[in-house]
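Biologist: Got a minute to go through this model with me? I'd like to start at the ligand and wander from there.

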Amino acid sequence: MDKSLRKTILAGNWKMNKTRPEAKALIEGIKPLAENADCEVVICVPFTNLETAVEMTKGTNIKVGAENVHFEKSGAFTGEISADMLTEIGVEYVIIGHSERRQYFGETDETVNKRTKAALAAGLKPIVCVGELLWERECGITEEVVARQIKLDLFNISAEDVKKTVIAYEPVWAIGTGKVATSEQAEEVCKLIRDTLAKLYSQDVANAVTIQYGGSMNPANCEELLAQYDVDGGLIGGASLKADQFGVLIAAASK
Ligand code: PGA
């Protein structure tokens, strides 16, 4: 099988970090490091930094993503942002269903599915996050949990649209904890995700979908994780906030 059937995508998830001046400095730092990247480089930034990021990355190969999107087109949803609002300012990607959204903001597979459909309908590329809790891994139900999330989160999404969707496997116990999944664990679950996609759609569709690993990926462990057959890049939190570290990851993903 051929890994070049799909794009390697390295995406930074800045979470609730960086004021505008701080964001400008970080983007200036990333730009030269991304110049010769042989992978797609995405920075997912807080809403207040989106316009700045889009402006500053014009003419570069860095793409900009948001960290969430609402599923309705408009209306009385105080504090929410629609997909059209994002595309209108030039945003191309959006993270959906991050475990922090599921854990702290009541996000469910149903709302993840609705947000994913809304993003696709507006022409955004969703990065849909799935992954098991530590307790679920210890109980030996990782496969069931992740396959269930994939089925629910992608419910009624066409094969054409699923090819535009990025899946990020992020074991919840590895996010921001410094506890990284071994490359075998990452490959095992990313392969399970691809097999689930093959059952739901077809092997051809499954082969075309980018599946990232996320959770404490850093300059020391990225090479081994990114070398796995079913790992097509990463979703990076902490290490995306420092240009030099993110640069090492971009270089590793370009190999
Ligand atoms: P981390 O975050 O790299 O800081 O573990 C990853 C993520 O939450 O996407």
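**Around the ligand**

Modeller: Sure. The residues of the shell around the ligand split into four nonpolar, seven polar and two charged. The classes are Ala, Val, Leu, Ile, Met, Phe, Trp, Tyr, Cys and Pro as nonpolar, Asp, Glu, Lys and Arg as charged, and the others, Gly among them, as polar.

Biologist: Before we go on, what am I looking at here?

Modeller: A predicted model, where local features need pLDDT of at least 70 and side-chain atom pairs count only at pLDDT 80 or more, while totals for chains, interfaces and linings use all residues. Numbering runs from 1 along each chain as its sequence is written, and side-chain values use heavy atoms, with hydrogens and water left out.

Biologist: OK. How many residues surround the ligand, and which are the closest?

Modeller: There are 13 around the ligand, and the closest are Lys 15, His 98, Glu 170, Gly 176 and Ser 216. Being near means that a heavy atom of the residue lies within 4 Å of the molecule.

Biologist: Which polar backbone atom sits 2.7 Å from a ligand oxygen?

Modeller: One belonging to Ser 216. Gly 237 also has a backbone N or O atom 2.9 Å from an oxygen of the ligand, and a side-chain N or O of Asn 13 is 3.4 Å from a ligand oxygen. The protein covers 94% of the 280 Å² of accessible area that the ligand has on its own. Those areas come from the Shrake-Rupley method with a 1.4 Å probe; for residues, only the protein chains shown count as cover.

Biologist: Switching topic: which residues of helix H2 are buried?

Modeller: In H2 (residues 47-57), they're Asn 49, Leu 50, Thr 52, Ala 53, Val 54, Met 56 and Thr 57. Buried is under 20% relative accessible area, exposed is over 50%, and partly exposed is in between (1.4 Å probe, protein chains only). Helices (H or I, at least four residues) and strands (E, at least two) are DSSP runs, numbered from the N terminus.

Biologist: And what do those buried residues pack against?

Modeller: Helix H1 (20-34), strand S2 (40-44), strand S3 (62-66) and helix H3 (83-88), with contact meaning heavy atoms within 4.5 Å. Just after H2, Gly 59 has a positive phi of about 80 degrees.

Biologist: Which residues have a positive phi without being glycine?

Modeller: Lys 18, at about 85 degrees, is one of them, and Asn 156, at about 65 degrees, is another. Most residues other than glycine have a negative phi. Lys 18 is in the loop between strand S1 (9-13) and H1, and Asn 156 is in the loop between helix H7 (142-153) and helix H8 (159-162).

Biologist: Is Asn 156 buried or exposed?

Modeller: Exposed, at 62% relative accessibility. Lys 18 is partly exposed, at 27%.

Biologist: How many disulfides are there?

Modeller: Zero, where a disulfide is a pair of cysteine sulfur atoms within 2.5 Å. The sulfur of Cys 44 has its closest cysteine sulfur in Cys 129, 8.9 Å away, so that's too far for a bond. For Cys 190, the closest is also in Cys 129, at 12 Å, again too far. Cys 44 is buried at 0% relative accessibility, and Cys 190 is buried at 0%.

Biologist: Last one: where is Thr 210?

Modeller: In the loop between helix H10 (203-208) and strand S7 (211-214). Thr 210 is buried, with 6% relative accessible area, and a polar atom of its side chain lies 2.7 Å from the backbone oxygen of Lys 7.

Key: Polar contact = N/O pair within 3.5 Å; in protein donor to acceptor, adjacent residues only side chain to side chain.
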